[in-house]
Amino acid sequence: MPDNQTHSPDLTAGIDETEHPTKVIARDVCVSYDGKQALNSVSIDVPDRSVTAFIGPSGCGKSTFLRCLNRMNDTIEGARVTGSLKIDGTEVNDRSIDPVVLRASVGMVFQKPNPFPKSIYDNVAYGPRIHGLALSRSELDAIVEKSLRKAGLWEEVADRLSDPGTSLSGGQQQRLVIARAIAINPEVILMDEPCSALDPIATAKIEELIDELRENYCIIIVTHSMQQAARVSQKTAFFHMGTLVEFGATEEIFTNPRDPRTQDYITGRFG
Amino acid sequence: MALSKTAHIVTAYGEELDQLGDDLARMGGLVETQLETALSAIVRRDASVVPGVRQREKQVNAMQDEIEKRVLRLFALRQPLATDLRMTISALKIASDLERVGDLAKNIAYRAEDLSEYAPLSLTDQVDRLGAIVIKQLHEVLDALSSADVEPAIRVWRTDDEVDERYNTLVREMLMSMTEDPGLVEPGVHILFVAKNLERIGDHATNVAEAVHFMVTAGPLEVDDAKP
């Protein structure tokens, strides 16, 4: 029987020397909305070129923490973020950091696919255009094709790039959104329940895509599906009531969690 | 064999896990009866128990099938995790070991039929002692399983060396007796098979001990744990 003492999360849990270097370093990150504490002193090291899953019950703070990574909490009135959050050594919350530039390197994929009301081509070309990543139409074409290929969508849309993005199926739209995110060479891709609006086949395609993308990106995924976290991630962090309870290798978390709260949550025993 | 103090949110899931534990306990009890009956048949030279043993053997096999079905259903429909995952996978392994114990006990009982045709052998006492240790092993490991307690499991694991020693001594002495008196060869061979089967049952009991240890701790039973 696992003991009942509380385990403070080991920041470098399960990380050995042979693994990818740390991409994101959070120290004592706290978030409050209008004085109400939503995230309580979260410290975590997220490795590069791997998938880290955030799990936990609704309101546990996992999405709040995710939103800190590209400063989306800035847009919320009354939100206050403290602590240190570094991506590649750069302090995200530094005043000199332009959130728009930050969000180019920290892409976000939401629960509901949100393509722009533009053509498939323009959805992907939009970012590279405004960030000046392509000098010519042919360069832009190349970026669009490469991004759609990386997102596993090219074969399905190559002959209808001028169709509206919204004409695609839900799963295709989600892959389009991922293509849009990777078109501007992000460092980190955040995914907030990217499959919760998709059927199992579309979900499998996204999961396959996530597995391919991890070779090049640091991916953090928030998911309510324990099985999805187990399938796609190498590291799993369990949040509960605004704190990071446990962080470790996904296999360990799902076979032998240390903290009784993690144990109760993943086995469906949460009170 | 509750590994968590908290109940499942989905009651039916919790009940299915409980049923799996109950089935294992019942199968364990049945197998214990088989072994006790078989050993007493050897010691008392009483072959009358054989039909009952044969009947229970069918029940043991049916219970193993039932447990395998339950485990399959749990994996397919519930996708157990953490302690539930470890319990489910351990149940599968333990049921397989218990089935082997049942089968070996049945073989021992069958030898009682053969042995009843010969005069009593002095070495039967040693078989009885070996059997008593193995019965205790099986009893303790089933206790460890039902209480999800690693201590008795480790004790059982540790006893394996003693079983092996006693078995080897018995074989040596039996061989000597058979060399001295060729008339003892036929009953002696039966006794050797009985002893071998008991030693194998001891091995299965230690397998169960390892499974219980894994179920409770998620780690393997190492030599260090077994040190007194």
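Which residue of S4(A) is the bridge partner of A:Ile25? I will come to that pairing in a moment, after saying that what we are looking at is a predicted model, and that I will take chain A before turning to the helices of chain B.

The answer is A:Lys86, which sits in S4(A) as the bridge partner of A:Ile25. The strands behind that pair are S1, residues 22-33 of chain A, and S4, residues 79-87 of chain A, and they pair in the antiparallel sense over eight bridges. If we stay with A:Lys86 and look towards S5(A), we find that A:Glu91 is its bridge partner there. S5 of chain A covers residues 90-91, and its pairing with S4(A) is again described as antiparallel, over two bridges. S4(A) and S5(A) form a hairpin with two residues between the strands, and in that hairpin A:Asp88 takes a positive phi near 50°.

Let me step back to chain A as a whole, which has ten helices and ten strands. The C-alpha trace of chain A spans about 60 × 40 × 40 Å along its principal axes. For 271 residues a compact globule would be expected to have a radius of gyration near 18 Å, and the 19 Å of chain A therefore agrees with that expectation.

Now to the sheet, which is open and has six strands of chain A in the order S6-S7-S8-S3-S9-S10, with mixed pairing. Its edge strands are S6, residues 106-109, and S10, residues 243-249, each of which pairs on one side only. From one strand to the next, the twist averages 20°. At the S10 edge, six bridges join S10(A) to S9, residues 235-240 of chain A, and the two strands run antiparallel. One of the pairs is A:Thr236 with A:Gly248, the latter being the bridge partner in S10(A).

Two helices of chain A are worth following across these strands. Helix H1(A), residues 62-69, lies across S3, S6, S7, S8 and S9 of chain A, and runs at about 150° to S7(A). Helix H6(A), residues 170-182, lies across S6 and S7 of chain A, at about 170° to S6(A).

Where the two chains meet, the contact takes 15 residues from chain A and 18 residues from chain B. On the side of chain A that touches chain B, the helices H8 (226-232), H9 (250-255) and H10 (260-266) each supply at least two residues, and H10(A) gives the most, with three residues. By class, that side of chain A has six nonpolar, seven polar and two charged residues.

That brings me to the helices of chain B. Two packed helices are described by the angle between their axes and the distance between the axes. For H4(B), residues 124-147, and H6(B), residues 185-217, the angle is about 20° and the axes are 9 Å apart. Angles under 35 degrees count as roughly parallel, and H4(B) and H6(B) are therefore roughly parallel to each other. Their crossing is left-handed. The residues that make the contact include B:Val127, B:Leu130 and B:Val134 of H4(B) and B:Ile191, B:Val194 and B:Leu198 of H6(B). Sorted by class, the contact of H4(B) with H6(B) has 16 nonpolar, three polar and no charged residues.

H4(B) also packs with H1(B), residues 11-43, their axes coming within 10 Å and crossing at roughly 170°, which makes H1(B) roughly antiparallel to H4(B). Among the residues of this contact are B:Leu24, B:Glu32 and B:Glu36 of H1(B), together with B:Asp128, B:His139 and B:Leu142 of H4(B). In this contact the classes are eleven nonpolar, five polar and three charged residues.

The last pair is H1(B) with H3(B), residues 82-115, whose axes come within 8 Å and cross at roughly 20°, and that makes H1(B) roughly parallel to H3(B). Here H1(B) passes H3(B) in a left-handed crossing, and the residues of the contact divide into 21 nonpolar, five polar and three charged.

Technical notes: Residues numbered from 1 in each chain as written. Chains lettered and ligands numbered in written order. Predicted model: local features only at pLDDT ≥ 70, side-chain atom pairs only at ≥ 80, totals over all residues. Pairing = 2+ DSSP bridges. Helix = DSSP H or I, 4+ residues; strand = E, 2+ residues; numbered from the N terminus. Contact = placed C-beta atoms within 7 Å. Nonpolar A, V, L, I, M, F, W, Y, C, P; charged D, E, K, R; others polar. Axes fitted to C-alpha atoms, helices over the stretch in contact; angles between N-to-C directions. Parallel < 35°, antiparallel > 145°, perpendicular 65-115°, else oblique. Left-handed = near helix turned anticlockwise from the far one by under 90°. Rg over C-alpha atoms; globule rule 2.2 N^0.38 Å.
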